[in-house]
Amino acid sequence: MMIPACRLEDLPRGEAHRLDIDPPVSVFHTDDGELFAIDDTCTHQDASLADGWLEGCEVECPLHASKFDLRTGAVDAPPAKLPVRTHEVAVEDGMVYVRLSTDAPNLPPCISARLAGGPA
Amino acid sequence: VRTVAVVGASLAGLSAVRSLRKQGYGGRLVVIGDELHRPYDRPPLSKEFLSGTLGEAELALETDDEDLQAQWLLGVRATGLDHARRVVRLGDGREVQADGVVIATGAAARTLPGSEGLAGVHTLRTLDDARALRDELTRGGRLVVIGGGFIGAEVASTAYILGLDVTVVEAAPTPLAGPLGETMGAIVSALHADHGVRLECGVGVKGLSGETRVDAVLLEDGRSIPADIVVVGVGARPNVEWLADSGIALDNGVKCGADGRTSLAGVVAVGDCANWYDPRAGFHRRVEHWTGARERPDAAVATLLAGGAVEPGVPRPPYFWSDQYGVKIQFAGHAAGADSVTIEAGAADDRDVLAVYRRAGDPVAVLGMNQPRLFTRWRKQLAATAS
């Protein structure tokens with residue numbers, strides 16, 4: 001299913017747009033003009049990668065500086081150890097759409113515990 | 001370079017090993033670590049691990065499928081560096097022959113003289129320290145934290161969450177004034193009082209009382225604070241004693257250039273034990289941040305492999321974070337040189353603040369409390385201004 005994210009003109013290069021779905025997903029517009037969508041929550045601890053430091057095809061978590069490759073979701077720098085999911089992005093008539101991955105997300109322990117009803 | 005010895009198996013050492021492989025070094029690699037554990041992440045030791053929300057397995061820094069093709073000598077301490085013979089001496093009498101050496105031996109928690117052997121007195125630096133403190137905290141009681149710095153404040157916050165009665169004693173008039181400046185140090189350390197944690201400032205500690213187990217902290221003004229558990233958080237000193245007869249230049253740690261090189265050829269130093277030259281400041285700074293231990297090995301390894309022939313890049317302003325009482329505290333840059341601090345967003349009373357430090361109008365540092373998005377923007381701007 002393609003989910004409309006935002007208008008391309010509302011997402012300047014170097015910026016990110018967070019979709020408040022569960023779990024949240026963010027679309028990144030790189031300085032080179034490429035668009036990538038990944039899970040927004042860092043796999044290490046609860047932090048929004050849309051708030052992070054975008055550089056090239058890499059985003060650094062705003063809290064603990066884990067780095068993720070936007071193209072593959074792979075961890076480029078610790079403390080995170082698990083990749084984020086990547087999602088397909090398409091642009092039609094100036095609108096950015098995201099096709100969500102059907103893989104299971106790698107959520108950080110605090111969120112996984114909350115979803116399971118345990119202590120956060 | 002045919003063999004590299006990395007002395008130190010924590011974040012800086014592991015990052016050096018990863019950098020070596022990433023930068024194409026295919027030779028023999030020996031990692032020496034004085035703790036028995038594989039590399040683990042220390043920041044949670046005063047927070048999620050101490051409160052019991054994070055287990056030991058989650059502290060591991062290596063991923064399950066990672067194979068760095070290194071030989072790990074763990075639970076053994078390096079006791080000397082013989083540069084003429086290109087040998088690292090170990091505490092068990094063994095020697096490691098290496099033509100390249102990365103020094104990453106970190107720092108050790110400072111202790112309170114006279115507190116040795118008294119039960120209930122803790123420092124917090126290693127996983128074993130954290131295990132021991134966690135076991136005591138779960139039994140509850142009265143905790144006195146000596147030192148209102150980041151480790152002390154985080155332990156106080158965690159102990160408060162666990163339901164202990166907590167007092168923090170700080171010798172300086174304002175906690176965190178060194179790293180954050182007086183104004184913001186006062187605002188951040190007000191988090192203690194917000195949560196009913198007592199903060200005693202401007203008074204030194206004379207000693208501890210107790211026969212076999214601590215029962216009180218004695219203050220220099222004559223007061224005595226009853227205590228079942230004491231945590232001493234009064235900073236760390238670089239682990240460089242083992243280098244005393246090596247001939248390497250030491251000055252508040254291993255004295256290094258802006259690229260990690262030391263006074264000895266084929267030897268670089270990274271992490272908390274390394275006192276790197278800061279070209280922008282024009283003097284050496286020993287930085288004890290997690291991010292420095294993670295990032296600087298890239299440059300130091302490049303220096304090692306190139307024999308010192310590479311020009312070091314401009315490092316990003318130092319960055320660290322702290323979590324206290326549910327508030328995310330972030331800081332980048334250097335507060336020391338600032339002549340003004342202004343709150344650009346949020347309100348100090350709400351503990352929800354973005355503050356910018358300036359010197360002659362130029363931003364030199366930024367502090368965030370629960371402001372990750374704005375903080376990152378300012379941090380990026382700081383890096384752009386600095387480079």
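## A tour from chain A to the strands of chain B

Select chain A and draw its surface: chain A exposes about 5500 Å², and carbon and sulfur atoms supply 48% of that area. Keep in mind throughout the tour that this is a predicted model.

Now switch chain A to a cartoon, where you will find 1 helix and 10 strands. If you follow the chain from the N terminus on, the elements run β-β-β-β-β-β-β-β-β-β-α, with the helix coming after the strands. The radius of gyration of chain A is 14 Å, close to the 14 Å that the globule rule gives for 120 residues, so chain A is as compact as a globular protein of that length. Reduced to its C-alpha trace, chain A spans about 45 × 30 × 20 Å along its principal axes. Colouring chain A by relative accessible area will bring out the buried residues, which make up 51% of its 120 residues. On a contact map of chain A, counting contacts with a separation of 6 or more, 40% come from residues 24 or more positions apart.

Next, bring chain B into view and select the residues where the two chains meet: 29 residues of chain B are in contact with 21 residues of chain A. The area buried between chain B and chain A is about 2100 Å², and carbon and sulfur atoms give 51% of it. Within this interface, pick out B:Arg316, B:Arg373 and B:Lys380, which supply 23% of the area that chain B buries against chain A, more than any other three residues.

From the interface, move to strand E11 of chain B by selecting residues 165-170, a strand that is mostly covered, with 5 of its 6 residues buried. Which strands pair with E11(B)? One of them is strand E10 of chain B (residues 142-146), which runs parallel to E11(B) and is joined to it by 5 bridges. Within this pair, B:Val145 stands opposite B:Val168 in E11(B). To trace the connection, add residues 150-161, helix H4 of chain B, through which the chain crosses from E10(B) to E11(B) in a right-handed β-α-β crossover.

Another partner of E11(B) is strand E12 of chain B (residues 198-201), also parallel to E11(B) and joined to it by 4 bridges. Here the residues to label are B:Val169 and, opposite B:Val169, B:Glu200 in E12(B). Finally, select residues 177-194, helix H5 of chain B, which carries the chain from E11(B) to E12(B) in a β-α-β crossover that is right-handed.

Methods:
Residues numbered from 1 in each chain as written. Chains lettered and ligands numbered in written order. Predicted model: local features only at pLDDT ≥ 70, side-chain atom pairs only at ≥ 80, totals over all residues. Heavy atoms only, no water. Buried < 20%, exposed > 50% of the residue type's maximum accessible area, 1.4 Å probe, protein only. Helix = DSSP H or I, 4+ residues; strand = E, 2+ residues; numbered from the N terminus. Pairing = 2+ DSSP bridges. Right-handed = clockwise from strand over helix to strand, strands pointing away. Rg over C-alpha atoms; globule rule 2.2 N^0.38 Å. Contact = heavy atoms within 4.5 Å. Areas by Shrake-Rupley, 256 points an atom, 1.4 Å probe, with all protein chains shown as cover. Buried area = accessible area lost by both parts, 1.4 Å probe.
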